[in-house]
Amino acid sequence: MQLEALDGRGPLYRQLYRSLRRAILMGRIRPGARLPATRIVASDTGVARNRVVLAYAQLVDEGYAVGRVGSGTYVASELPTNERVADARVSRRTAPSPIAPRLSRAGRHLAARGASWTATKPGLRYDFTCGRPSWRDFPHAVWARLVRRHARLDDAAALDYAHSAGLHELRAAIADHLTRWRGLVCDADQVIVTNGSQQALGVVATLLLEPGDAVALEEPHYAGARQAFEAARAALVPIRVDAAGLDVARLAASRRRPRLVYVTPAHQFPTGAVLPLARRLALLDWARQAGAYVVEDDYDSEYRYAGAPLETLHGLDGAGRVFYVGSFSKILAPALRLGYLVVPRALVRAVTMAKTAADLGSASFGQRVLADFIVGGHLEVHLRRTRRRHASRRATLLAAIAEHLGDRVRVAGAAAGLHVMLVPRRSASATVERLVRRAAAREVGIYSTTGLHLRPPERAALLVGHGALPEADIRAGIVRLAEAFDDG
């Protein structure tokens with residue numbers, strides 16, 4: 001019997017097993033034929049006899065061979081059915097083309113999309129990406145100490161499933177933090193820990209939306225929210241944003257009756273507009289009368305550089321119509337994948353069950369570390385420190401824009417958050433897209449708002465983040481951006 005050379009992958013008995021299986025499948029050893037004695041195979045291959053015995057046992061266990069006491073080992077008369085489909089004699093070049101997968105409408109839509117528009121662009125030295133904090137600001141020493149504390153895993157519960165809504169100690173810590181920092185009146189039971197804000201949006205969509213239900217979105221808007229509602233097969237209704245945020249009058253006048261409206265009132269993404277109190281109250285009144293819900297994404301409200309933030313929609317809501325979404329991606333690190341929902345009391349059980357169906361609960365190790373981080377007062381220290389640093393980066397960015405771009409752009413949304421929006425004086429979408437490409441040629445990453453509209457905009461703008469870059473790189477990057485403007 002002539003065997004193929006062993007492939008060198010894994011234990012010797014597995015290599016020999018694969019060689020024998022190929023010989024059987026390719027017909028070099030026919031069904032019913034007796035396999036050579038193990039001592040002969042060992043001699044021919046140079047493999048220890050006990051390894052040959054293990055290989056034969058594997059063939060028997062998987063149905064390729066049968067053992068007969070006192071007689072030897074024989075190739076099975078009928079080989080396993082699934083292996084006949086994968087006959088080794090069919091080469092990849094002659095195999096038929098795979099059948100195209102059948103996806104749902106939502107699946108086809110998502111598969112057709114490219115990478116996230118906010119994805120960091122590789123190879124760009126000055127990447128003004130939005131919404132990412134600087135890795136230099138991460139509290140490495142404190143976090144590492146807390147990780148070591150929990151890595152001992154000296155509690156059986158540390159290795160068990162966590163509650164699907166999240167660890168109670170973290171939920172209580174988040175509720176306390178929101179009460180002190182944002183004035184929310186909520187308790188731990190209303191807080192649902194999620195895998196980032198994106199899962200929070202998906203859970204709300206699963207709970208509330210039927211295919212075809214209308215969802216109102218700010219126009220322009222956060223693309224991740226659009227994707228979450230598109231995946232739920234919702235009908236998206238764009239509502240124009242002006243200098244004061246979502247135009248509630250247009251929402252109320254819409255011919256569609258949205259089941260849900262998604263807003264970023266503290267720092268509208270991407271324009272940076274702040275929804276004034278009158279519009280907040282009008283939005284809540286509309287939701288109550290329409291029997292609709294509001295998703296309030298408070299994604300970067302911790303970073304406000306002038307004056308106190310307005311009260312949240314959740315804090316103003318007296319009818320249980322607001323889902324409040326928050327995340328630790330902007331204030332700590334995206335890699336933690338920890339966010340949360342503050343849920344109307346009447347919907348706590350339903351949201352908890354939707355979260356259970358999604359993943360049985362978020363990973364508990366990071367939750368334990370984060371709970372200690374908040375309870376120990378480290379989050380407040382971190383926020384005060386990073387607020388000063390981001391304010392300094394913002395000031396550096398605005399000064400560089402004023403010096404090198406001057407009146408060629410108008411700056412919007414600079415009062416809060418980790419990005420500003422630049423509106424070029426000649427801001428046709430095609431012009432902005434060319435500017436993005438010219439900047440990339442100079443190792444500068446800037447981002448067009450074109451992809452943040454449901455309908456192609458007549459005018460587009462640029463998003464410039466300042467959270468992740470050192471101040472020297474911010475200055476140098478804006479100088480190169482000005483050169484890209486000069487080329488136009």
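This dialogue discusses a pocket, two nonpolar cores and several helices of a predicted model.

Biologist: How should empty space be read, and how much of it lies in the largest pocket?

Modeller: Rolling a probe the size of a water molecule over the atoms shows where empty space is left. In this predicted model, the largest pocket holds about 770 Å³ of space. Its lining comprises 30 residues, and Glu 219, Pro 220, Arg 240, Val 241 and His 453 are the ones nearest the centre.

Biologist: Which strands each supply at least two residues of that lining, and what is its make-up by class?

Modeller: Strands β6 (235-242), β12 (409-412) and β13 (419-424) each provide at least two lining residues. The largest share, 6 residues, belongs to β6. By class, the lining of the largest pocket divides into 14 nonpolar, 10 charged and 6 polar residues.

Biologist: Which residues have the most contacts inside the largest nonpolar core?

Modeller: In soluble globular proteins, nonpolar side chains tend to be buried together. Here the largest nonpolar core has 33 residues, and Ile 174, Phe 328 and Leu 370 have the most contacts inside it. Elements that each supply at least two residues of this core include α6 (140-151), β4 (191-194), β11 (339-342) and α15 (378-404). The largest share of the core, 6 residues, comes from α7.

Biologist: What does Ile 174 touch, not counting residues up to four places away in sequence?

Modeller: With those residues set aside, Ile 174 touches Val 191, Val 193, Phe 328, Tyr 340 and Ile 374. A second, separate core has 28 residues, among them Val 203, Val 204, Phe 229 and Val 343.

Biologist: How is the span of helix α8 to be judged, and which of its residues are buried?

Modeller: The span is compared with the one expected at 1.5 Å a residue. Helix α8 (residues 196-208) has 13 residues and reaches 19 Å from first C-alpha to last, close to the expected 18 Å. Its buried residues include Gly 196, Gln 199, Leu 201, Val 203, Val 204 and Leu 208.

Biologist: Why is helix α9 described as largely enclosed?

Modeller: Of the 9 residues of helix α9 (residues 223-231), 7 are buried, so the helix is largely enclosed by the rest of the structure. Arg 226, Phe 229 and Glu 230 are among the buried residues of α9. Arg 233 follows α9 and has a positive phi, near 65°.

Biologist: Is Ser 364 buried or exposed?

Modeller: The cut-off for buried is under 20% relative accessible area. Ser 364 has 11%, so Ser 364 is buried. This residue lies in helix α14. Leaving aside neighbours within four places in sequence, Ser 364 is in contact with Ala 158, Asp 160, Ala 162 and Leu 167.

Note on methods
Residues numbered from 1 in each chain as written. Predicted model: local features only at pLDDT ≥ 70, side-chain atom pairs only at ≥ 80, totals over all residues. Heavy atoms only, no water. 1 Å grid on protein atoms, 1.4 Å probe; cavity = no way out; pocket = protein on both sides within 12 Å on 5 of 7 lines; lining within 4 Å. Points joined across faces, edges and corners; volume = space filled by probe spheres on them. Helix = DSSP H or I, 4+ residues; strand = E, 2+ residues; numbered from the N terminus. Nonpolar A, V, L, I, M, F, W, Y, C, P; charged D, E, K, R; others polar. Core = buried A, V, L, I, M, F, W, Y, C linked by side-chain atoms within 4.5 Å. Buried < 20%, exposed > 50% of the residue type's maximum accessible area, 1.4 Å probe, protein only. Contact = heavy atoms within 4.5 Å. Expected span 1.5 Å × (residues − 1).
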